[in-house]
Amino acid sequence: MSSAETTLAADRVHAAGARLAVEAARFTGIGWMRGTSGNISEVVSRDPLRLAVTASGLDKGELLPTDVAVVGPRGEAVAVEGVLPLRPSAEAGLHARVAALTDADAVVHVHALNAVVAGHRWPGGVLLRDVETLKGIGRLAHDDEVTIPVIRNSQDMDELGDWFEAAYDPRTPAVIVADHGLYAWGTDLKHARHVTECVEWLLAYKLATA
Ligand SMILES: CSC[C@@H](O)[C@@H](O)C(=O)COP(=O)(O)O
Ligand SMILES: [Zn+2]
C-alpha cells in the first residue's frame, strides 16, 4: 500500500512541470537564474495546499517537465503516485507561504542583480512612484507610493516566511530578500512572469535615477 497521494494526478503535476520549465528557460535566458539559482512554483491544489515546484540544484535553463516536486504548506515534499521523488527547491517553504498568504497561484524567485543591489542600497524597502511601469504590478502610474519590501535572508524557510508575512503589503506583489534575490507572484505563471519583469525594470530604473 503506497502512501503517495492519489487525489493529485501525475499528469497534472507534469503539465505544471512543463510550464515551469518554459518559464525557467526564459528567465535563464535573461540571466536571472545563473548557475542553479532561482525556482518557480505553481499551485496545483488549494485544499489541501499543494505546489508543483522546480526540483532543487538543477540548471534551470534545461529543466524537463519531470524535474518537478510536489510540496505542502511548509514546503515539505509530498509523494504523488507516478511523480519521481525529486528533492524540492530549498526555498519551497517560502513559495508555499507566499501562495497561502497572497492567494497567488504562481510564484517566481530569481537572482536578478538589480534586485540584490537595490535591496543592499535601500534595506528598509525600495520606494517607487510616478512611473508608468507601476501599472504592470497593479499600481498607479502617478501619485501612488509603492514600497517593495526588503526582508533579511535566511536558510530557514519558517523564519523567512515569518519575516515575509510581517513585511507583506497586499498591494505589492513582490519582495526582495536581501543579499539574495527577488520573489514575485501572480494569478498564474504568465502574470507572475509579467510582475517579475516589471519589478526588475522598476528596480533598474530606480537604481539608474536615484
Ligand atoms: C546558486 S545557489 C542558489 C540557491 O542557494 C537558492 O538560493 C536558489 O535560488 C536555488 O535553489 P534550488 O534549491 O535549486 O531551488
Ligand atoms: Zn535563491
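Aspartate 103 lies in the loop between α2 and β4, and this residue is a convenient place to enter the structure, which is a predicted model. The phi angle of aspartate 103 is near 75°, a positive value in a residue other than glycine. Aspartate 103 is also exposed, with 12 other C-beta atoms within 10 Å, a count that falls in the exposed class because that class takes in residues with 12 or fewer such neighbours. From this loop the reader can look back to the helix that aspartate 103 follows, and then ahead to the strand on the other side of the loop.

Helix α2, which spans residues 92-102, is largely enclosed by the rest of the structure, because eight of its 11 residues are buried. Those buried residues are Ala92, Gly93, Leu94, His95, Ala96, Arg97, Val98 and Ala99, and they pack against β1, β2, β3, β4, α4 and β9.

One of these partners, helix α4, deserves a closer look. Two packed helices are described by the angle between their axes and the distance between the axes. For α2 and α4, which covers residues 157-167, the angle is about 30° and the axes are 8 Å apart. The two helices are therefore roughly parallel to each other, since angles under 35 degrees count as such, and their crossing is right-handed. On the α2 side the contact involves Gly93, Leu94, Arg97, Val98 and Leu101, while α4 contributes Met157, Asp158, Leu160, Gly161, Phe164 and Glu165. Sorted by character, the residues of this contact comprise six nonpolar, two polar and three charged.

Phenylalanine 164, placed in helix α4, shows how this contact is linked to other parts of the model. Phenylalanine 164 is buried, with 20 other C-beta atoms within 10 Å, and this count qualifies because a residue is classed as buried at 20 or more. Leaving aside residues up to four places away in sequence, phenylalanine 164 touches Leu94, Arg97, Val98, Ile151 and Val175. Among these contacts, Leu94, Arg97 and Val98 belong to the α2 side of the helix pair. The C-alpha atoms of phenylalanine 164 and isoleucine 176 are separated by 9.5 Å, the two residues being 12 places apart along the chain.

On the other side of the loop that holds aspartate 103 comes strand β4, residues 106-110, which is mostly covered, five of its five residues being buried. Both faces of β4 are covered, with Ala106, Val108 and Val110 buried on one side and Val107 and His109 buried on the other.

Strands of a sheet pair through backbone hydrogen bonds, either parallel or antiparallel. Strand β1, residues 39-46, pairs with β4 in the antiparallel sense over four bridges, and within this pairing glutamate 42 has alanine 106 of β4 as its bridge partner. Strand β9, residues 181-186, also runs antiparallel to β4, to which it is joined by five bridges, and here valine 107 stands opposite tryptophan 185 of β9.

These pairings form part of an open sheet of seven strands, ordered β3-β2-β1-β4-β9-β8-β7, in which the pairing is mixed. The edge strands are β3 (68-71) and β7 (150-151), each of which pairs on one side only. At the β7 edge, the pairing with strand β8, residues 174-177, is in the parallel sense and extends over two bridges, with isoleucine 151 opposite valine 177 of β8. Isoleucine 151 is also one of the residues that phenylalanine 164 touches. Helix α1, residues 10-30, lies across β1, β2 (49-54), β3 and β4, and runs at about 155° to β1.

Two of the loops that connect strands of this sheet carry backbone features worth inspecting. In the loop between β1 and β2, where proline 48 is found, a cis peptide bond joins aspartate 47 and proline 48, with omega at about 5°. In the loop between β8 and β9 lies aspartate 179, whose phi is near 55°, a positive value in a residue other than glycine. Aspartate 179 is exposed, with 12 other C-beta atoms within 10 Å.

Note on methods: Residues numbered from 1 in each chain as written. Chains lettered and ligands numbered in written order. Predicted model: local features only at pLDDT ≥ 70, side-chain atom pairs only at ≥ 80, totals over all residues. Axes fitted to C-alpha atoms, helices over the stretch in contact; angles between N-to-C directions. Parallel < 35°, antiparallel > 145°, perpendicular 65-115°, else oblique. Left-handed = near helix turned anticlockwise from the far one by under 90°. Contact = placed C-beta atoms within 7 Å. Nonpolar A, V, L, I, M, F, W, Y, C, P; charged D, E, K, R; others polar. Pairing = 2+ DSSP bridges.
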